Amino acid sequence: MATKPGVLTDWPWTPLGSFKYIVVAPWVVHSTYRFVTDDPETRDIGYSLVFPFLLFRILHNQVWISLSRYYTSKGKRRIVDKGIDFNQVDRETNWDDQILFNGVLFYTGICLLPEAKQLPWWRTDGVLMAALLHAGPVEFLYYWLHKALHHHYLYSRYHSHHHSSIVTEPITSVIHPFAEHIAYFMLFAIPLLTTLLTKTASIASFAGYIIYIDFMNNMGHCNFELIPKRLFHLFPPLKFICYTPSFHSLHHTQFRTNYSLFMPLYDYIYGTMDETTDTLYEKSLERGEDKVDVVHLTHLTTPESIYHLRIGLASFASYPFSYRWFMRLLWPFTSLSMIFTLFYARLFVAESNSFKKFNLQSWMIPRYNLQYLLKWRKDAINTMIEKAILEADKKGVKVLSLGLMNQGEELNRNGEVYIHKHPELKVRVVDGSRLSAAVVINSVSKATKNVVMTGHLTKVAYTIASALCQRGVQVSTLRLDEYEKLRSCIPQECRDYLVYQTSEVLSSNKVWLVGEGTTSEEQEKATKGTLFIPFSQFPLKQLRKDCIYHTTPALIVPKSLANIHSCENWLPRKAMSATRVAGILHALEGWEVHECGTSLLPSDLDQVWEACLSHGFQPLLLPHH
């Protein structure tokens, strides 16, 4: 929002929220009906193609968003180093408003203007006219309109909304108040209306011009340099007629330079070209990938989780993952992504952050949670994890934390197999068990005298049970086999605090520590108001409305941890899983040992918890009941 919002700031359909798309629904239905029922000889193809064209523009923009986030996360050719935050993502969520606006205008124009009906596929004279009109009047008028928008009166009421994003993403290009979009469309309508009135318009000239605007807008705001230097050497005048991402990035960081739309010619003419433009361009082109200190290695969960990645749907990724209705409509893309990940087995950088003096990255293995549970996939998956660890070691990474793929002894003995196989590793491998256990224990009130523990037992569960018993907290189990397993890992002098109980005495247990495999029948045994705290990395299915469900082990990150603008799986905003934090903490504290394997270290839990708090990480508050 602008600092002093002016008239026509909000879009007319803002009150409709997610139902805003109904504004074009009548035309979509009517054009589809006409396409089906009209005679092929008299069918208006242009009218029928408006809706598919709108969908294509959405897809085009989404491809740019994904490319930009992918390349900027690696650091290569990145222009501005600063990160973005949730405020920017929220501000830019409704980037499709301008596509909706254009759709309304296109449909209206076709209905009202006889010249807009029955357009041919191609007319060379119309294409050339549109190109010349853009290079002349449109670029010239935009330059002066843009300068006017930087006058303090208009800037504070309108254009400051766009400049709230110092670090740009492709969709930043269309984040303007409604009034600005009206002015921009009036400019861009000059070639379109002129070709219509001279009867030289065609479907190609209309679609090509709009695609050109979208492409250049997205490129100029993508925050990584992609135009090769040899193009300017081969054709030197190109620098006057085609801008670069670094050119426009300077406008967002310096504000009073580089006003041109897509052709820097007018900045050269009127002396507003930033003097560091060429330097920044060359510096960005030469920039290599970031040096990484800490890597968090994780994988996809469900087929739909591909959309929740930072490089997926930006606004969707900025909220905790949950299945949405629109995912049913995306099943063709979901299926394609599954096929792609089946054959493309290379890991990729999903996210990058920085904290204090360390650069952090999340590496994603393109495999789903189900595949990790298949025994016949065990060797292949372990090979992929091993390659990731070796690559991190080769790149000089200090610490690598194992995320969701750490499925316990069944897969890789909590990462121990890699350490034994490669004793020369310099990178420290961390499974996060200590911090996960510490988070769970500190989620339990100090006044609690007894808890229930159930579900598939992991290293974290054994550590928690042992630590609680040593602190005098009674740990009750619902399954005899769990009781026997836990008893073997608890010191002799504390075993009296571990008990195997029946459902008749569960009424006094208001805190349940649960893992994967906790059944619905076991949940039903809990009394009203019970607090379920997961010790596993996957959340418990919430079956009881009269109980409280805590998140999986996680912490709130410090404000100084930069570039946090997406949610990690089901965790709330600004929260990070304990396994991921454990890797960061390992590097911050300079611990030179691996933290993985099957051994239990309950005596170190207080140390790791205090270290965590000292660096600004905070426990998640209990959810409201």
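**A guided tour of the predicted model**

Start with the whole protein selected and coloured by accessibility: of its 625 residues, 54% are buried, where buried means under 20% relative accessible area, exposed means over 50% and partly exposed lies in between, with a 1.4 Å probe and protein chains only. This is a predicted model, in which local features need pLDDT of at least 70 and side-chain atom pairs count only at pLDDT 80 or more, while totals for chains, interfaces and linings use all residues. Residues are numbered from 1 along each chain as its sequence is written, and side-chain values use heavy atoms, with hydrogens and water left out.

Keep the whole chain in view and switch to a cartoon, which should show 24 helices and 14 strands; helices (H or I, at least four residues) and strands (E, at least two) are DSSP runs numbered from the N terminus. The C-alpha atoms fill a box of roughly 95 × 55 × 50 Å along the principal axes. Of the contacts (heavy atoms within 4.5 Å) with a separation of 6 or more, 71% are between residues 24 or more positions apart.

Next, colour by domain: the assignment, which is automatic or from a database, gives domain 1 as 14-286, domain 2 as 294-434 + 568-619, and domain 3 as 443-556. If you place a marker at the C-alpha centre of domain 1 and another at that of domain 3, the two lie 56 Å apart.

Now select the strands β12, β13 and β14, which form an open sheet in the order β13-β12-β14 with antiparallel pairing. Because β13 (575-577) and β14 (618-619) are at the edges with a single partner strand each, one side of each has no neighbour in the sheet. Strand β12 (residues 554-556) is joined to β14 by 2 bridges, two strands being paired if DSSP finds at least two bridges between them. To see one bridge, pick Ile556, whose partner in β14 is Gln618.

Two loop residues close the tour. Select Gln118, in the loop between α4 (97-112) and α5 (124-149); although Gln118 is not a glycine, its phi is positive, at about 55 degrees. With a relative accessibility of 45%, Gln118 counts as partly exposed. Then move to Phe255, in the loop between α11 (245-254) and α12 (265-270), where phi is again positive, at about 75 degrees, in a residue that is not a glycine. The relative accessible area of Phe255 is 28%, so Phe255 is partly exposed.
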